[in-house]
Amino acid sequence: MFQPTNESYILTMVEASFDRHLGESEAERALREGRLEEALAGYRKAVAERSPGDPAIPRLLDEVGEIELKLGRFREAERTQRKALQLRERALGPDHPDVAASFNNLAEVLRAQGKHKPAEQ
């Protein structure tokens, strides 16, 4: 029976991390080139490949939400930005600058939907 050594385990983890980053890079490139559907699929895949609690998930969800907003998928964008906000608040506390950024992202989605009162809060 194969017993992974620390070295082989570390190499496997590094390769997996590189593969995830490569996927994100492809999504970033698609976004820069205006291929929004492809970018959205890439970022969603990057989120799905992460372990629960991975600190990169809120950042990736921000990207997903921004693309959904650009595509006019307001309900999806609102749900996605609320999830990013929830994860950041839980991990970082309510006074962290990244939490403030998530509130701003959510406010943008709410304003786009004409929900001005909730966006101002």
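The exercises below work through a predicted model of one protein chain.

**Exercise 1. Describe the secondary structure of the protein chain and how much of the chain is buried.**

Begin with the elements: the protein chain has 6 helices and 0 strands, and along the sequence these give the pattern α-α-α-α-α-α. Turn next to burial, where 31% of the 121 residues count as buried. The accessible surface comes to about 8,000 Å², and carbon and sulfur atoms hold 54% of that surface. Finally, consider the contacts with a separation of 6 or more, of which 46% join residues that are 24 or more positions apart.

**Exercise 2. Check whether the length of helix α3 agrees with its number of residues, and then list its buried residues.**

Helix α3 covers residues 57-70, which makes 14 residues. The expected span is 1.5 Å times one less than the number of residues, so helix α3 should span 20 Å, and because its end C-alpha atoms are 20 Å apart, the two values agree. The buried residues of α3 are Ile-57, Pro-58, Leu-60, Leu-61, Asp-62, Val-64, Gly-65, Ile-67 and Glu-68. Just after this helix comes Gly-72, which takes a positive phi of about 80 degrees.

**Exercise 3. Repeat the check for helix α5.**

With 16 residues, from 97 to 112, helix α5 should span 22 Å, and its end C-alpha atoms are 23 Å apart, which agrees. Its buried residues include Val-99, Leu-106, Val-109 and Leu-110, and also Ser-102 and Asn-105. Gly-114 follows α5 and has a positive phi, near 80 degrees.

**Exercise 4. Which residues have the most contacts inside the largest nonpolar core, and which elements give two or more residues to this core?**

The largest nonpolar core has 14 residues, and those with the most contacts inside it are Tyr-43, Val-47, Leu-60, Leu-61 and Ile-67. Two or more residues of this core come from each of α1 (6-32), α2 (36-49) and α3. As an example, take Tyr-43: leaving aside neighbours within four places in sequence, Tyr-43 is in contact with Glu-24, Ala-27, Glu-28, Leu-31, Leu-60, Glu-63, Val-64 and Ile-67. In soluble globular proteins, nonpolar side chains tend to be buried together.

**Exercise 5. Where does the pLDDT stay under 50?**

Start from the whole protein chain, which averages a pLDDT of 82, with 78% of the residues scoring at least 70. Over residues 1-5 the pLDDT stays under 50, and the model has 1 contact beyond four places in sequence for them. Residues 8-20 also have a pLDDT below 50, and this stretch has 3 contacts in the model beyond near neighbours in sequence.

Terms used
Residues are numbered from 1 along each chain as its sequence is written. Side-chain values use heavy atoms; hydrogens and water are left out. Helices (H or I, at least four residues) and strands (E, at least two) are DSSP runs, numbered from the N terminus. Buried means under 20% relative accessible area, exposed over 50%, partly exposed in between (1.4 Å probe, protein chains only). Contact means heavy atoms within 4.5 Å. Accessible areas come from the Shrake-Rupley method with a 1.4 Å probe; for residues, only the protein chains shown count as cover. A nonpolar core is a set of buried Ala, Val, Leu, Ile, Met, Phe, Trp, Tyr and Cys residues joined through side-chain atoms within 4.5 Å. pLDDT is the predictor's confidence in each residue, from 0 to 100.
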